[in-house]
Amino acid sequence: MELDIDSINQQHGHDPEALTRWALSLGKRAICTTNFRPFEAVILHMVTQVQPDIPVVWMDSGYNTPATYRFVDEVVKRLGLNLITYHPQRSRAHREALEGDFPGIDDPRHAAFTEEVKLEPFQRALREMAPEVWFTALRAEDTAERARMQPVSRNADGLIKVAPVLHWTAKEMYQYLQQHDLPNNFDYFDPTKVEEKRECGLHLQH
């Protein structure tokens with residue numbers, strides 16, 4: 001079946017729940033990635049309302065805040081998530097013993113660090129899980145690159161990328177959390193991005 005991506009975006013692009021139902025009605029292997037940053041409970045609740053056992057894939061770099069790890073535990077229990085965690089090939093302790101603390105974004109080693117702790121684990125997840133549909137909580141407000149994206153797109157490998165809340169504001173995300181009594185996490189830090197409005201590269205590659 002050939003998908004009319006433009007038509008789907010026009011029809012469901014501003015209705016996250018309808019878009020989620022449409023994507024899961026395709027009957028294709030789907031995953032939802034998360035980093036458990038602020039407002040992530042929205043997408044996790046939205047997809048599991050339609051498919052409770054959808055694999056939720058987390059690339060745990062080992063550099064999350066203690067509050068984020070506690071948030072992970074709370075959301076997994078609250079929503080009964082089918083969480084599948086991917087770690088870098090070597091632990092944070094191993095890496096730091098040899099190379100010290102993580103490099104800043106101006107350090108020439110930062111690209112290799114990002115590849116090791118985020119991009120390689122994600123590539124491995126795609127290889128092992130072979131999804132046909134990928135849900136992500138990207139929002140246009142996040143970065144200039146994301147503002148140019150569509151809620152539904154298809155990459156060169158044929159993977160259908162679905163960003164149901166792409167056009168939602170932080171206020172709409174907050175209202176969804178309140179409506180469904182969901183927890184949130186603001187004590188979040190990503191060493192591959194460092195700055196809030198900066199891309200780590202994962203969504204630019206895929």
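**A buried aspartate, the strands beside it and the core**

D60 is buried yet takes part in no salt bridge; R92, the nearest side chain of opposite charge, is 8.3 Å away. The model is a predicted one, and the description below follows it outward from this residue. D60 sits in the loop between β2 (55–59) and α4. Leaving aside neighbours within four places in sequence, D60 is in contact with Y69, T85, Y86, H87 and P88. The distance to R92 can be set against the cut-off for a salt bridge, which asks for a side-chain nitrogen of Lys or Arg within 4 Å of a carboxyl oxygen of Asp or Glu.

The strand that precedes this loop is β2. Five of the five residues of β2 are buried, so the strand is largely enclosed by the rest of the structure. Its side chains divide between two directions: P55, V57 and M59 point one way, V56 and W58 point the other way, and all are buried.

β2 has pairing partners in β1 and β3. With strand β1 (residues 30–34), β2 pairs in the parallel sense over three bridges. One residue pair can be named here: V56 in β2 is the bridge partner of C32. With strand β3 (residues 82–86), β2 also runs parallel, and five bridges join the two. In β3, T85 is the bridge partner of W58. T85 is also among the residues in contact with D60.

Helices link these strands. β1, α3 and β2 form a right-handed β-α-β unit. β2, α4 and β3 form a right-handed β-α-β unit as well.

Helix α4 (residues 66–79) holds a salt bridge of its own. E74 pairs with R78, and the closest N and O atoms are 3.5 Å apart. Why can these two side chains meet? E74 and R78 are four residues apart in the helix, which means they are separated by about one helical turn. An α-helix has 3.6 residues a turn, so residues three or four places apart point the same way. E74 is partly exposed, with a relative accessible area of 37%, and R78 is partly exposed at 41%.

The structure holds twelve salt bridges. Side chains of opposite charge can pair when their charged atoms come close. Another of these bridges joins R90 and E99, with 2.4 Å from N to O. E99 counts as partly exposed, at 36% relative accessibility. Salt bridges that share partners join R90, R95, E99 and E116 into one network. A further salt bridge connects E40 and R37, the closest N and O atoms being 3.5 Å apart. Are the residues of this pair buried or exposed? Both E40 and R37 are buried. D60, by contrast, is buried without a salt bridge.

The nonpolar interior comes next. The largest nonpolar core has 38 residues, and those with the most contacts inside it are W22, F36, V42, L44, I54, V133 and F135. Helix α3 (residues 40–50) gives the most to this core, with six residues. A second, separate core has ten residues, including I31, A125, L126 and L159.

F135 can be followed through its contacts. Apart from neighbours within four places in sequence, F135 is in contact with T20, A23, L24, A30, I31, C32, T33, V47, I54, V162 and P164. Among them is I31, a residue of the second core.

W22 leads to another part of the largest core. This residue lies in helix α2 (residues 16–24) and is buried, with a relative accessible area of 13%. Not counting residues up to four places away in sequence, W22 touches L3, I8, H12 and V152. W22 and I8 are 14 residues apart along the chain, and their C-alpha atoms are separated by 8.9 Å.

Helix α2 as a whole is mostly covered, with seven of its nine residues buried. The buried residues are P16, A18, L19, T20, W22, A23 and L24. T20, A23 and L24 also appear among the contacts of F135. What covers the buried residues of α2? The covering elements include α1 (5–12), β1, α3, β4 (133–135), β5 (152–154) and β6 (160–162). Of these, β1 and α3 belong to the right-handed β-α-β unit with β2, the strand whose five residues are buried.

Notes. Residues numbered from 1 in each chain as written. Predicted model: local features only at pLDDT ≥ 70, side-chain atom pairs only at ≥ 80, totals over all residues. Heavy atoms only, no water. Buried < 20%, exposed > 50% of the residue type's maximum accessible area, 1.4 Å probe, protein only. Contact = heavy atoms within 4.5 Å. Core = buried A, V, L, I, M, F, W, Y, C linked by side-chain atoms within 4.5 Å. Lys, Arg positive; Asp, Glu negative; His and termini not counted. Pairing = 2+ DSSP bridges. Right-handed = clockwise from strand over helix to strand, strands pointing away.
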